[in-house]
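Visitor: Please pick one part of this structure and take me through it slowly. I'd like a close look, with any terms spelled out as we go.

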Amino acid sequence: MLDKIDKSKLPRHVAIIMDGNGRWASLQGLLRSAGHSAGVKTLKKILDTAIDVGLEALTVYAFSTENWKRPHAEVDFLMYLFSYYIEHEKQKMHRENVRIRFLGRPEEFSPGIQKQMRDATQLMKNNTGIKFNVAANYGGQDEIIRATQKLAKKVSAGEISAEKITPALFESELDTAGQPPVDLLIRTSGDMRISNFLLWQSAYAELWFTKTTWPEFSPEEFISAIIDFSNRDRKFGGLSEK
Ligand code: IPE
Ligand code: IPE
Ligand code: MG
C-alpha cells in the first residue's frame with residue numbers, strides 16, 4: 001500500500017489520539033487492562049509504519065492530564081505499561097534512528113519512570129530519523145499555561161518586552177518547540193473531540209476520525225488516512241490551491 005502514497009503530499013506531522021482500548025476490551029469480554037496492552041502492540045506497528053512512510057514527526061497521546069481521574073488500579077496499570085514500553089522498545093527505536101521526546105509534565109510520574117524518560121530521551125537525542133513525541137501527563141491547556149508562565153518570567157526579568165511575544169516566540173516555549181505544526185490529527189474509536197490534545201499545534205490540522213478502536217487500528221487504515229489527507233484541499237484561510 002505504501003506505493004499508493006503521493007510522497008510530495010505527505011503530512012509532515014501526524015498526531016494520534018489512541019482511543020478505545022477500554023471499549024475494545026469490553027467487547028471481547030476482557031478487562032480494560034487487556035485493552036491497554038493490546039493498544040501498545042498497535043502503537044509499535046503504527047510507529048514502524050510511520051517510519052516506513054517517511055513521516056517527519058509522529059505524536060501520540062498516551063496519558064492526559066485528565067486521565068488521573070480514572071480508578072487507581074487502571075492508572076497504576078497504565079504507568080506500569082508505559083515504563084515497560086520505554087524499557088523494552090528504546091534500543092529498537094534507537095537502532096531505527098528514532099528521536100523520542102516526551103510532551104507534558106513528567107514531575108507527577110514516579111522518580112523511576114522520570115529517569116526512564118530522561119534516559120530514553122538522552123539515548124536518542126542525536127538521532128536524525130522520525131521525531132516521535134509521546135504525550136504523557138499532557139494537556140494542551142497545561143502546555144499553553146506553562147509556556148505563558150515562562151514568557152511572563154522573561155518579561156518580568158526584563159529579558160524581553162511583552163510586545164516581542166509573537167506566535168513564533170510562543171511556539172518556542174511549547175513542548176514541541178522546533179517541530180512542524182500538526183498536519184493530520186487522527187482519533188480512533190468514534191468520539192469526535194480533541195480532549196485537550198495539541199490545542200495550539202492543531203490550529204490548522206486536518207481532522208480524521210474512525211470508528212475503529214485503537215487495538216484494531218491497522219497500518220493499512222493508517223495509510224488510508226494519509227492518502228485521504230493528501231487529497232484534502234488545505235486553504236489556511238486563503239483560496240484553494242487546486
Ligand atoms: C485510550 O483508551 C487509552 C488511554 C486514555 C490511556 P481508553 O482507555 O480511553 O478507552 P475507552 O475510551 O474507555 O474505550
Ligand atoms: C484521550 O482519550 C486521552 C488519550 C488517548 C490518552 P480519553 O479517553 O481520555 O478522552 P475522553 O475522556 O473520552 O475525552
Ligand atoms: Mg477513551
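Guide: Helices and strands here are DSSP runs, numbered from the N terminus: a helix is H or I for at least four residues, a strand is E for at least two. This is a predicted model, so local features need pLDDT of at least 70 and side-chain atom pairs pLDDT 80 or more, while totals for chains, interfaces and linings use all residues. Residues count from 1 along each chain as its sequence is written, chains are lettered from A and ligands numbered from 1 in the order written, and side-chain values use heavy atoms, leaving out hydrogens and water.

Let's visit the largest pocket, which has a volume of about 720 Å³ (the space filled by probe spheres on joined grid points). It is lined by 32 residues, and the closest to its centre are Met18, Tyr61, Ala62, Phe63 and Asn67. A pocket, by the way, is an open set of points on a 1 Å grid over the protein atoms alone, with protein on both sides within 12 Å along at least five of seven lines; lining residues have an atom within 4 Å of a point. Helices and strands that each supply at least two residues of this lining are α1, α2, β2, α3 and β4 (131-138). By class, the lining splits into 17 nonpolar, 8 polar and 7 charged residues (Ala, Val, Leu, Ile, Met, Phe, Trp, Tyr, Cys and Pro are nonpolar, Asp, Glu, Lys and Arg charged, and the others, Gly among them, polar).

Who lives there? Ligand 2 sits in the largest pocket, and ligand 1 sits in the largest pocket too (more than half of a molecule's atoms must lie within 2 Å of the grid points).

Start with ligand 2. Around it you'll find Ile17, Met18, Asp19, Tyr61, Ala62, Phe63, Asn67, Arg70, Arg187, Arg193 and Ser195, each with a heavy atom within 4 Å of it. Strand β2 (residues 57-64) gives the largest share of this shell, 3 residues. The shell divides into 5 nonpolar, 2 polar and 4 charged residues. Now for polar contacts, which are pairs of N or O atoms within 3.5 Å. An N or O atom in the side chain of Ser195 is 2.6 Å from an oxygen atom of ligand 2, a polar side-chain atom of Arg70 lies 3.2 Å from a ligand oxygen, and for the side chain of Arg187 the distance is 3.4 Å. Taken alone, ligand 2 exposes 390 Å², and the protein buries 78% of that (Shrake-Rupley method, 1.4 Å probe).

On to ligand 1. Its surroundings include Met18, Asp19, Asn67 and Arg70, residues that also appear around ligand 2. Gly20, Gly22, Arg32, His36 and Leu78 are among the others around ligand 1. By class, this shell has 3 nonpolar, 5 polar and 4 charged residues. As for contacts, a ligand 1 oxygen is 2.9 Å from an N or O atom in the side chain of Asp19, another distance, 3.1 Å, goes to a polar backbone atom of Asn21, and the side chain of Arg23 has an N or O atom 2.7 Å from a ligand oxygen. Taken alone, ligand 1 exposes 380 Å², of which the protein buries 87%. Two elements, α1 (21-28) and α2, give two or more residues to its shell, and α1 gives the most, with 3 residues.

How values were computed
Polar contact = N/O pair within 3.5 Å; in protein donor to acceptor, adjacent residues only side chain to side chain. 1 Å grid on protein atoms, 1.4 Å probe; cavity = no way out; pocket = protein on both sides within 12 Å on 5 of 7 lines; lining within 4 Å.
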